[in-house]
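Trainee: I'd love a close look at a single part of this model, starting with one strand and working outwards. Could you walk me through how it sits among its neighbours?

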Amino acid sequence: MSSEDKSYIYIEKSIFQKDSQKKDIENIVALDTGERLKVLEEIEETLPFIHISRPSTDEYLDSHKKELRKFLEIKKTLLNTLIENLEHNLIEKMSEFKRRAFLKEKILFLINEFLFNNKIRLSKEEKDNLLLDLEDEIYGLGPIEQLMRDENINEIMVNGPQNIFVERNGRSELTPLEFYDAEHLLSIIRRIISPLGKRIDESNPMVDARLPDGSRINAVISPIALDGPLLTIRKFSKTPIQMLNLIQWGSINETIATFLSCCVRGRLNIIVSGGTGSGKTTLLNILGSFIPPDERIITIEDSAELKLWQYHKHVVRMETRPANIEDKGEISIRTLVRNSLRMRPDRIIVGEVRGAEAYDMLQAMNTGHDGSISTGHANSPKDMLTRLEAMVMMAVSEVPLAVVRKQISSAIDLIVHIERLPDGTRKLTYVTEVGGINKKGEIQTNDIFQFIESGIDADGKILGRHQPTGYKPTFIEKLKRRGIEITI
């Protein structure tokens, strides 16, 4: 018998000797796992049990909260028992595959032993869910791991340990899931950020990070968060969203999709604007897929979300670094933009401009690095230009506003604005050309395409259609010289 098997029997004995079946232990541990569980289930059938129903995670019913908390207590007790009885030196020597299989057997035995001792009876489905939940506690993100697996959920919002919301199909809903307490939630947050070299504590109570699958997280703890730790996770689909998906969902039409493809291939400088959660990063990823494969792309982000490597091999990714505990070593987006100019880029893509780095990005666009793309928060294309002015003035306050506006109008060719509408759908609402300076000294803009609302249907969905405004952009001739024909 291997040392792993002996360790397993030792753990089973130490637990099993607590109950009245002590005399049968030698017979039971001699069986293989399947037979052992079968014997335990037969013993269970001979005793009176109570039945606990597990509430559905698809809808929230307040009356189920009490039963869910019973389930939480069961999980907490089993997890603590598992941790106390494991021989950690043995576990650490195993491969990941062996470790998972080994722990799964331990958890299965603990579940059956606990239910037997406490005269609790669960269905096979409930036992499977309990096993999965405990594995999530060990390897995943605890109670929200099952939400991470749900492809229909776009965002997870944890407002303290007892209130977990999700966004599904553009709508927010409360789930019945809970953490044990604030400390449990804090431990999950630290599990997420520690492999990334980031920290969260009283002196640094806010953090932005990303999960291995690209999902973006934001966490806030005390003393900033008053009602327990806060965690927000914006998920990204495992299957890349293509332009065809946006067309099928009605977010864009084929004419605009073709137009934007030509603009990207024609090396226009583009800003994708919109509000939080409107789909800016998704659209930026899609626009990046139109870049010719022989071009060198450098991406710069606070938290790496872009997945252009799915379309191109020649992609260089860079990510900012926060200051350390001594408030040293910070590397900002602005520093990375400056450094990217020395890396022989064909395209510079900045995940989001939100500060002084806007000035360096405009300088790059105005000095031969055309075809650059970025995103920014704004309520409309004109608001995006106003925000750019403010961001540039943060970097070079001594430069007159007229000069700043001249640089912006020379650098930016196109603004693509996307919105999340009240019904939860996301629509590309404006494609706007950025022109020169008008007689009032303001940056001239001209809408090329718009989304025109026409009403609301019986299900509350906003009706409307994308249509051209009739304006012919001035950059059409530039694209023609590059061999790209556009018809509007």
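Mentor: Happy to. Let's start with strand 3: five of its seven residues are buried, so this strand is largely enclosed by the rest of the structure. Keep in mind as we go that the model is predicted.

What surrounds strand 3? Start with its sheet, an open one of six strands in the order 5-4-3-8-7-6, paired in the antiparallel sense. Its edges are formed by strand 5 (171-174) and strand 6 (206-210), each of which pairs on one side only. From one neighbouring strand to the next, the average turn is 15 degrees, with direction ignored. As a reminder, strands of a sheet pair through backbone hydrogen bonds, either parallel or antiparallel.

On one flank, strand 3 (residues 153-159) runs antiparallel to strand 4 (residues 164-168), and five bridges join the two. You can follow the register with two pairs: I153 has R168 as its bridge partner in strand 4, and V158 stands opposite I164. Strand 3 and strand 4 form a hairpin with four residues between the strands, and there G160 takes a positive phi near 85 degrees.

Strand 3 also pairs with strand 8, again antiparallel and over five bridges. Here N159 is a useful marker, as its bridge partner in strand 8 is L230.

Now add the helix that packs on this sheet. Helix 9 (residues 182-193) touches strand 3, strand 6, strand 7 (216-220) and strand 8 (230-234), and its direction makes about 45 degrees with that of strand 8. So much for the packing; helix 9 also takes part in a pocket, as one of the elements that give two or more residues to the lining of the second largest pocket, together with helix 8 (145-149).

That pocket deserves a moment. Rolling a probe the size of a water molecule over the atoms shows where empty space is left. The second largest pocket has a volume of about 370 Å³. Its lining counts 15 residues, and those nearest the centre are L141, E145, L211, P212 and D213. Helix 8 provides the largest share of the lining, with three residues.

For contrast, let me take you to the other sheet I'd like you to see. Nine strands form this open sheet, in the order 11-10-12-13-9-14-15-16-17, and the pairing is mixed. Strand 11 (315-319) and strand 17 (462-468) are the edge strands, each pairing on one side only. The twist averages 20 degrees from one strand to the next.

Look at strand 12 (residues 347-350) in this sheet. In a regular strand the side chains alternate between the two faces of the sheet. Both faces of strand 12 are covered: R347 and I349 are buried on one side, I348 and V350 on the other. Strand 12 is joined to strand 10 (residues 297-301) by four bridges, with the two running parallel, and I297 has R347 as its bridge partner. Two bridges join strand 12 to strand 13 (residues 373-377), also in parallel, and V350 stands opposite S374 there. With helix 14 (residues 357-365) in between, strand 12 and strand 13 make a right-handed β-α-β unit.

Moving along to strand 10, its pairing with strand 11 is parallel and spans five bridges, with T299 partnered by R317. Helix 13 (residues 333-340) packs on the sheet here, touching strand 10, strand 11 and strand 12, and its direction makes about 170 degrees with that of strand 10.

One residue from strand 9 (residues 270-274) completes this part of the picture: I270. At 1% relative accessibility, I270 counts as buried. Leaving aside neighbours within four places in sequence, I270 is in contact with C263, V264, L287, S372, I373, S374, L414 and V416. Its C-alpha atom is separated by 6.1 Å from that of D413, although the two residues are 143 apart along the chain.

Finally, the whole chain. There are 17 helices and 17 strands, and 50% of the 488 residues count as buried. Among contacts with a separation of 6 or more, 58% are between residues 24 or more positions apart.

Technical notes: Residues numbered from 1 in each chain as written. Predicted model: local features only at pLDDT ≥ 70, side-chain atom pairs only at ≥ 80, totals over all residues. Heavy atoms only, no water. Pairing = 2+ DSSP bridges. Axes fitted to C-alpha atoms, helices over the stretch in contact; angles between N-to-C directions. Contact = heavy atoms within 4.5 Å. Buried < 20%, exposed > 50% of the residue type's maximum accessible area, 1.4 Å probe, protein only. Right-handed = clockwise from strand over helix to strand, strands pointing away. 1 Å grid on protein atoms, 1.4 Å probe; cavity = no way out; pocket = protein on both sides within 12 Å on 5 of 7 lines; lining within 4 Å. Points joined across faces, edges and corners; volume = space filled by probe spheres on them.
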